[in-house]
Amino acid sequence: MCIILLSVFNSANAVTTSNRVTVTARFTTPPCTLTMPDRVNLGAILPGAQSYPPFIIRLDCPLPAAITALYAEIVQGSLSAGSNNRVDMTGPAGSSGTPVKLWLTDNDGKEVMLDGSGSSEESGRFCSGTGSRNCTITPNTEVEIDTPRGLTSAMLRFNVIVP
C-alpha cells in the first residue's frame with residue numbers, strides 16, 4: 001500500500017488533507033531458456049534393450065534463486081500401455097507388430113515421465129534446481145522380435161515449470 005499525503009498551506013491557516021491510494025503490481029518470474037538439439041538420431045536400433053549416447057538440455061534462468069524443473073510430454077507417438085514413462089514410436093506406415101519403445105533417463109538414472117504429469121505433479125518433474133544448469137538425458141529403446149523394420153520416430157516436448 002502506498003500513502004500519498006497532500007498538503008496545502010495558507011499563510012493564515014495551515015490545513016492538511018490526506019488521501020490513500022492503493023497501488024498493486026504483479027511480479028512474474030522472467031522466462032528460462034532451453035537449449036537442446038533439434039533432433040536426436042539414434043542410428044540403427046538393434047533388437048533387445050539398448051542405451052544411446054546422452055544429449056544435453058541447457059536450462060538458463062535469469063533468477064538464480066528461483067527453483068525450476070523440467071517435464072516432458074509426447075507430441076508424436078503414444079504412451080505405451082500401462083506406462084507413464086515409455087512411448088511407442090511410430091513405425092513404417094501400414095506395418096504391424098510391437099512398436100519400438102523409447103524412454104529417457106536423467107542425470108540420476110531416473111526414468112523421465114513422458115505423460116505430461118510434471119505440469120501438475122512434482123513426481124513427473126526432473127532436473128529440478130536453481131540457476132542455470134545442464135540436464136543430461138540418455139535415450140533408451142527396446143525392440144521386440146516382431147517389431148517392424150524401417151524408419152521409426154517419436155517427438156517429445158520439454159517444458160520448464162516454476163513450482
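Q: A polar contact is a pair of N or O atoms within 3.5 Å; within protein, one must be able to donate a hydrogen and the other to accept it, and residues adjacent in sequence count only if both atoms are side-chain atoms. What does the side chain of Arg86 make a polar contact with?
A: The side chain of Glu111, at 3.2 Å, and the cut-off is 3.5 Å, so the pair counts. Bear in mind that this is a predicted model, where local features need pLDDT of at least 70, side-chain atom pairs count only at pLDDT 80 or more, and totals for chains, interfaces and linings use all residues. Residues are numbered from 1 along each chain as its sequence is written, and side-chain values use heavy atoms, with hydrogens and water left out.

Q: Why does Arg86 count as buried?
A: Its relative accessibility is 19%, and buried means under 20% relative accessible area (1.4 Å probe, protein chains only), so Arg86 makes the cut.

Q: Which residues is Arg86 in contact with, leaving aside its neighbours within four places in sequence?
A: Glu111 turns up again, along with Ser78, Leu79, Ser80, Leu102, Trp103, Leu114 and Glu142; contact here means heavy atoms within 4.5 Å. Arg86 itself sits in the loop between strand E7 (78-79) and strand E8 (87-88), strands being DSSP runs of at least two residues, numbered from the N terminus.

Q: What lines the largest cavity?
A: Glu111 once more, plus Asp106, Lys110, Val112, Met113, Ser123, Gly124, Arg125 and Phe126. They divide into three nonpolar, two polar and four charged, with Asp, Glu, Lys and Arg counting as charged.

Conventions:
Helix = DSSP H or I, 4+ residues; strand = E, 2+ residues; numbered from the N terminus. Buried < 20%, exposed > 50% of the residue type's maximum accessible area, 1.4 Å probe, protein only. 1 Å grid on protein atoms, 1.4 Å probe; cavity = no way out; pocket = protein on both sides within 12 Å on 5 of 7 lines; lining within 4 Å.
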